[in-house]
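Colleague: I'm opening this one for the first time. Walk me through it, please, and put up the picture before we start.

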Amino acid sequence: MPIVAQSTETTDWVSRFADEVIEESERRAPGKPVVVASGLSPSGPIHLGNLREVMTPHLVADEIRRRGHQVRHLISWDDYDRYRKVPAGVPGVDESWAEHIGKPLTSVPAPKGSTHANWAEHFKAAMIESLAELGVEFVGISQTAQYTSGVYREQILHAIKHRGDIDAILDQYRTKKAPAKKQQGQKPVDEAELEAAEGSGAAAEDDGSSASAGYFPYKPYCGNCEKDLTTVTSYDDDSTELTYACTACGFSETVRLSEFNRGKLVWKVDWPMRWAYEGVVFEPSGVDHSSPGSSFQVGGQIVGIFGGKQPIGPMYAFVGISGMAKMSSSKGGVPTPADALKIMEPQLLRWLYARRRPNQSFKVAFDQEIQRLYDEWDRLDAKVADGSVLPADAAAHSRAVRTAAGELPRTARPLPYRTLASVADITAGHEDQALRILSELDPEQPLTSLDEVRPRYDKAEAWINTHVPAEQRTIVRDEPDAELLKSLDEASQQSLRLLLDGLAEHWSLDGLTHLVYGVPKVQAGFSADATPKELPPEIKTAQRSFFALLYHLLVGRDTGPRLPTLLLAVGQERVRALLGE
């Protein structure tokens with residue numbers, strides 16, 4: 001059945017790309033499955049910036065599946081790339097791993113304590129697990145398996161036959177001849193790209209070797225030390241006999257390339273070769289691969305040598321972390337999807353990638369901002385439920401909560417994240433206390449088990465335990481602050497009496513919210529139900545002062561968790577004692 005583009009009622013970026021990809025796929029390969037692709041290099045922890053390399057085509061592929069079409073989302077694991085450097089901050093790894101620089105990632109030992117066969121498998125495993133939790137359906141392709149089994153032999157021989165054409169294309173973009181003395185800090189274009197590309201979803205390499213054999217777009221891995229620090233010294237096109245020498249160990253040998261499976265095409269040739277081989281219609285690339293002279297631009301010309309076409313390739317912007325600079329897997333300590341999924345539900349993480357166009361940067365929150373993001377998500381959820389949501393927002397929500405295969409598992413009773421975090425903070429791991437507090441939030445529908453608020457409760461607890469500094473944790477006073485209580489003026493004492501008098505009647509989350517905001521209003525002669533528009537500006541000042549007093553009396557600080565949640569957590573009897581009743 002021919003593929004026909006179908007416009008949807010939504011105007012989100014995913015639908016627009018799906019329209020374009022369906023039409024382009026029909027032009028290139030009528031009646032065949034649509035092919036979209038991602039590339040990930042397991043050279044170290046695969047971070048949240050790399051996740052955009054996967055989520056962008058995943059969301060487009062999923063939209064195409066929703067329309068009833070067949071799609072293959074390929075993830076090329078670039079595990080046959082060279083090991084470039086020892087990444088910082090990786091547990092079980094020390095400087096002794098430097099001896100493996102230049103080997104394929106699958107020939108480098110996994111970090112100490114790992115159960116995986118090699119370096120690449122160790123870092124792939126964590127990403128595969130995260131993608132499963134996120135509902136990402138894909139076909140994984142190991143480039144080690146492809147190259148070492150001879151799958152690309154015909155393509156390699158073709159590239160070498162046309163090495164002059166490839167060299168001419170690359171020469172248009174190579175760095176101009178450097179002056180005799182390079183200025184300090186100045187880098188040639190290709191070298192700058194190598195650094196930018198690291199950890200961006202595709203490994204960086206040089207564009208080929210030039211020695212006595214002339215330009216050569218292929219790097220053999222040494223038969224002695226396994227490193228790619230090799231140079232082709234001669235090649236015979238008729239017999240495919242190739243001689244190379246290793247600058248690392250001095251080894252050299254002559255092989256017949258038509259039978260040799262221990263090497264790979266250099267990156268700027270390898271990527272377009274795969275576009276042609278797999279028939280890729282859609283593959284995004286990071287900003288570092290989309291600049292003039294970069295891999296994506298050069299690949300757009302080289303792909304024609306292999307009889308293929310460049311994919312539709314939107315540029316995607318970098319992903320940041322609240323309070324951190326641009327992510328790079330070489331720096332160490334960069335958050336991964338697994339790190340994010342410990343503190344947030346998959347729906348929220350999917351939504352962050354779905355709601356922004358690929359060329360828009362955004363941040364993933366690991367600090368207090370996560371509470372605001374969850375509030376925003378819950379408001380969107382409510383708008384979807386009552387039908388007041390805008391079409392594009394509805395589309396982003398739909399892509400976050402379900403895939404073509406069905407709904408992602410979700411929390412049965414999604415209580416506010418900040419409330420759950422406050423309860424987890426105050427109860428410090430005591431589940432019976434957490435259940436007591438949460439069951440009092442809504443007396444008409446009391447919680448009967450923490451399972452009702454899982455996994456969100458567990459994510460909020462993990463955030464409190466791993467990302468909130470010790471000095472910001474909440475510790476309720478053991479004894480009343482007698483000195484502070486004695487020093488209070490009549491107005492402050494009256495505010496405490498008003499609060500204590502209303503505790504029993506208002507003992508629920510909504511009731512206590514009404515009470516703590518209402519006390520300063522009543523003291524000023526207004527109704528507790530008066531809206532902000534009906535009140536003078538000084539009421540807000542009075543509320544802030546009242547809140548600060550309560551925090552000091554309960555936890556000895558100016559601030560803390562939301563007061564209604566804190567009061568419920570402390571318990572009515574203890575609140576009365578600490579407030580001097």
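Colleague: Is F306 buried or exposed?

Modeller: Look in the loop between helix 9 (295-302) and strand 12 (315-316) for F306; helices (H or I, at least four residues) and strands (E, at least two) are DSSP runs, numbered from the N terminus. The relative accessible area of F306 is 16%. Buried means under 20%, exposed over 50% and partly exposed in between, with a 1.4 Å probe and protein chains only, so F306 is buried.

Colleague: Hang on, what kind of model is this?

Modeller: Residues are numbered from 1 along each chain as its sequence is written, and side-chain values use heavy atoms, with hydrogens and water left out. Local features need pLDDT of at least 70, side-chain atom pairs count only at pLDDT 80 or more, and totals for chains, interfaces and linings use all residues: this is a predicted model.

Colleague: Back to F306, then. How far apart in space are F306 and Q155, C-alpha to C-alpha?

Modeller: Neighbours within four places in sequence aside, F306 is in contact (heavy atoms within 4.5 Å) with Q155, H158, A159, V269, P272, M273 and A276. F306 and Q155 are 151 residues apart in sequence, yet their C-alpha atoms are separated by 7.5 Å.

Colleague: What share of the contacts in the protein with a separation of 6 or more comes from residues 24 or more positions apart?

Modeller: For the overall picture, the protein has 22 helices and 16 strands, and 51% of its 581 residues are buried. Of the contacts with a separation of 6 or more, the share from residues 24 or more positions apart is 70%.

Colleague: I see some tyrosine rings. How many residues apart in sequence are the parts that Y80 and Y221 tie together?

Modeller: Y80 and Y221 are one of 21 aromatic pairs in the whole structure; rings of Phe, Tyr and Trp (its six-membered ring) pair if their centres lie within 6.5 Å, and planes under 30 degrees apart count as stacked, over 60 as edge-to-face and the rest as tilted. This pair has 5.0 Å centre to centre and 65° between the planes, making it edge-to-face. Y80 is in the loop between strand 2 (71-77) and helix 3 (119-133), and Y221 is in the loop between strand 6 (218-220) and strand 7 (230-235), so the separation in sequence of the parts they tie together is 141 residues.

Colleague: Which residues do ring pairs link into a cluster with Y80?

Modeller: Y80 and Y221 are both buried. Ring pairs link Y80 into a cluster with Y147, Y152, Y221 and Y277.

Colleague: On to the helices. Why is helix 19 called oblique to helix 20?

Modeller: Axes are lines fitted to C-alpha atoms, for helices over the stretch in contact, and angles run from 0 to 180 degrees between N-to-C directions. Helix 19 (residues 509-523) and helix 20 (residues 538-555) have axes 9 Å apart, at an angle of about 125°. Under 35 degrees counts as roughly parallel, over 145 as roughly antiparallel, 65 to 115 as roughly perpendicular and the rest as oblique. That angle therefore makes helix 19, relative to helix 20, oblique.

Colleague: Which residues of helix 20 meet helix 19?

Modeller: The helix 19 side brings V516, Y517, V519, P520 and K521. Facing them from helix 20 are I539, A542, Q543, F546 and F547.

Colleague: And which residues in helix 19 meet helix 18?

Modeller: Helix 18 (residues 490-502) and helix 19 cross at roughly 135°, their axes coming within 10 Å, and they are therefore oblique to each other too. A491, Q494, S495, L498, L499 and G502 are the helix 18 side. From helix 19 come L515, V516, V519, V522 and Q523.

Colleague: What is the relative accessible area of P561?

Modeller: P561 lies in the loop between helix 20 and helix 21 (563-570). Not counting residues up to four places away in sequence, P561 touches S422, D425, I426, T474, Y551 and L566. P561 is buried, with a relative accessible area of 9%.

Colleague: Any backbone oddities to finish with? Which residue follows R454 in the cis peptide bond?

Modeller: Most residues other than glycine have a negative phi, and most peptide bonds are trans. The bond here is cis, with omega near 5°, and runs from R454 to P455.

Colleague: And what is the phi of T240?

Modeller: T240 is found in the loop between strand 7 and strand 8 (241-246) and is buried, with a relative accessible area of 10%. Although T240 is not a glycine, its phi is positive, at about 60°.
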